[in-house]
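Please look over the sequence and the model shown below before reading on. The paragraphs that follow lead from one part of the fold to the next.

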Amino acid sequence: AHVPRAVDPEEDVLPGVENVVAVASGKGGVGKSTVAVNLAAGLSKLGARVGLFDADVYGPNVPRMVAADEAPRTTGDRTIVPPEQYGLKLMSMAFLVGEDDPVIWRGPMVHQLLTQLVEDVEWGDLDYLVMDLPPGTGDTQLTILQTLPLTGAVIVTTPQEVALDDAVKGLRMFGKHDTNVLGIAENMAGFRCPDCGSVHDIFGSGGGAALAEENDLPFLGGVPLDPDVRAGGDDGAPVVLAEGDTADAFKIVVENVANNTGLVRRREVAADR
């Protein structure tokens, strides 16, 4: 069978993009896409030029989460111009398949599609390209690790032990490919009851911070379990753009990612001297 080539490492892949940041999780259901969307929107709110690439081949839902109704358009030379929303340039697998079509793609097909999107999408000049990866450690993740010049990865987990166990697998995957991990973000970190005001640790507490410490990685912050996050995702209004405790929690994650990306870049410059 024909195996599509990876992008040649000597090629200048994504020449106008300063930083490619992958958002990953070891398992589904931890709110990885929510973190990716709010990270991208938060970076844009800080004044950065940001693209958001929904690379979750089997469950792309970023367009709904940013209320992106406009599809990409193609130019005369067959390049793809991504639509924009909240100042973000957007690309998603959801734009390429019917809304209700099941996506059944083998590894080489995924590789070919992602490679084509890397080469054919007009991202232009960006400070950050945030990539929402599918959960797990499969073909899509490996293709991206082999194809794109990743600045680093953000690992999303919940405090729950099962999620933490799977987050470790994600850490190992990036470690094997010498990819910087910018830190651990903990989602669903406690629920403040609107009636009694007390905080309930529905999924446990402190797991993300402990995982970061055990692996000598930065802890990017914890985001509470908040109905406003779900509502913002369903309504296409990222909660980081609103006001309140949850928005502030996301802003801390955003600022830590920006700071840690800068540290990685400065280390790379120092190593080249």
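Where is the place of L14? In this predicted model, L14 sits in the segment before strand 1, and its backbone has a phi near 50 degrees, a positive value in a residue other than glycine. With a relative accessibility of 10%, L14 counts as buried, because that value falls under 20%. A second residue that is not a glycine, Y86, also has a positive phi, of about 55 degrees. Y86 belongs to the loop between strand 5 and strand 6, and at a relative accessible area of 34% it is partly exposed.

The strands themselves come next. Eight strands form an open sheet in the order 5-6-2-7-1-8-9-12, and the pairing within this sheet is mixed. Its edges are strand 5 (84-85) and strand 12 (219-222), each of which pairs on one side only. Within the sheet, strand 1 (residues 17-24) and strand 8 (residues 150-157) run parallel and are joined by 5 bridges; V21 has G152 of strand 8 as its bridge partner. In general, the strands of a sheet pair through backbone hydrogen bonds, and the pairing can be parallel or antiparallel.

Helix 1 (residues 32-45) lies across strand 1, strand 2 (50-54), strand 6 (88-92), strand 7 (126-132) and strand 8, and runs at about 170 degrees to strand 7. That angle counts as roughly antiparallel because it is over 145 degrees. The loop between strand 1 and helix 1 contains V30, a residue that is buried, with a relative accessible area of 2%. Although V30 and T158 are 128 residues apart in sequence, their C-alpha atoms are 5.9 Å apart in space.

What lies in the nonpolar interior, and which residues of the largest core touch the most other members? This core has 38 residues, and those with the most contacts to other members are L14, F53, W123, M131, L148 and F174. At least two residues of the core come from each of strand 1, helix 3 (107-120), strand 7, helix 4 (139-147), strand 8, helix 5 (161-176), strand 9 (181-186) and helix 6 (207-214). Apart from this core lies another, of 37 residues, which includes L39, L43, L182 and V240. The surroundings of F53 can be listed individually: leaving aside residues up to four places away in sequence, F53 touches M91, M93, L114, L117, W123, L129, V130, M131 and D132.

Helix packing adds another element to this picture. Two packed helices are described by the angle between their axes and the distance between those axes. For helix 1 and helix 8, the angle is about 75 degrees and the axes are 9 Å apart, and the two helices are therefore roughly perpendicular to each other. On the side of helix 1, the contact is made by T34, V35, N38, L39, G42, L43 and K45, while helix 8 contributes F250, K251, V254, V257 and A258. Two of these helix 1 residues, L39 and L43, are also among the members of the core of 37 residues.

The charged side chains complete the tour, and a search of the whole structure finds 5 salt bridges. One of them involves K251, which also takes part in the contact between helix 1 and helix 8. K251 forms its salt bridge with D248, and the closest N and O atoms are 3.9 Å apart; both residues lie in helix 8 (residues 245-272), 3 residues apart, about one turn of the helix. K251 is partly exposed at 22% relative accessibility, and D248 is likewise partly exposed, at 38%.

Another salt bridge in helix 8 brings together the side chains of R265 and E268, with an N to O distance of 2.6 Å. Because R265 and E268 are 3 residues apart in helix 8, about one helical turn separates them. R265 has a relative accessible area of 29% and is partly exposed, as is E268, with 30%.

In helix 7 (residues 227-235), D234 and R230 are 4 residues apart and so are separated by about one helical turn. Their side chains meet in a salt bridge at 3.0 Å, N to O. Here D234 counts as partly exposed at 40% relative accessibility, whereas R230, at 53%, counts as exposed.

Note on methods. Residues are numbered from 1 along each chain as its sequence is written. This is a predicted model: local features need pLDDT of at least 70, side-chain atom pairs count only at pLDDT 80 or more; totals for chains, interfaces and linings use all residues. Side-chain values use heavy atoms; hydrogens and water are left out. Two strands pair if DSSP finds at least two bridges between them. Contact means heavy atoms within 4.5 Å. Axes are lines fitted to C-alpha atoms, for helices over the stretch in contact, and angles run from 0 to 180 degrees between N-to-C directions. Buried means under 20% relative accessible area, exposed over 50%, partly exposed in between (1.4 Å probe, protein chains only). A nonpolar core is a set of buried Ala, Val, Leu, Ile, Met, Phe, Trp, Tyr and Cys residues joined through side-chain atoms within 4.5 Å. A salt bridge is a side-chain nitrogen of Lys or Arg within 4 Å of a carboxyl oxygen of Asp or Glu. Angles under 35 degrees count as roughly parallel, over 145 as roughly antiparallel, 65 to 115 as roughly perpendicular and the rest as oblique.
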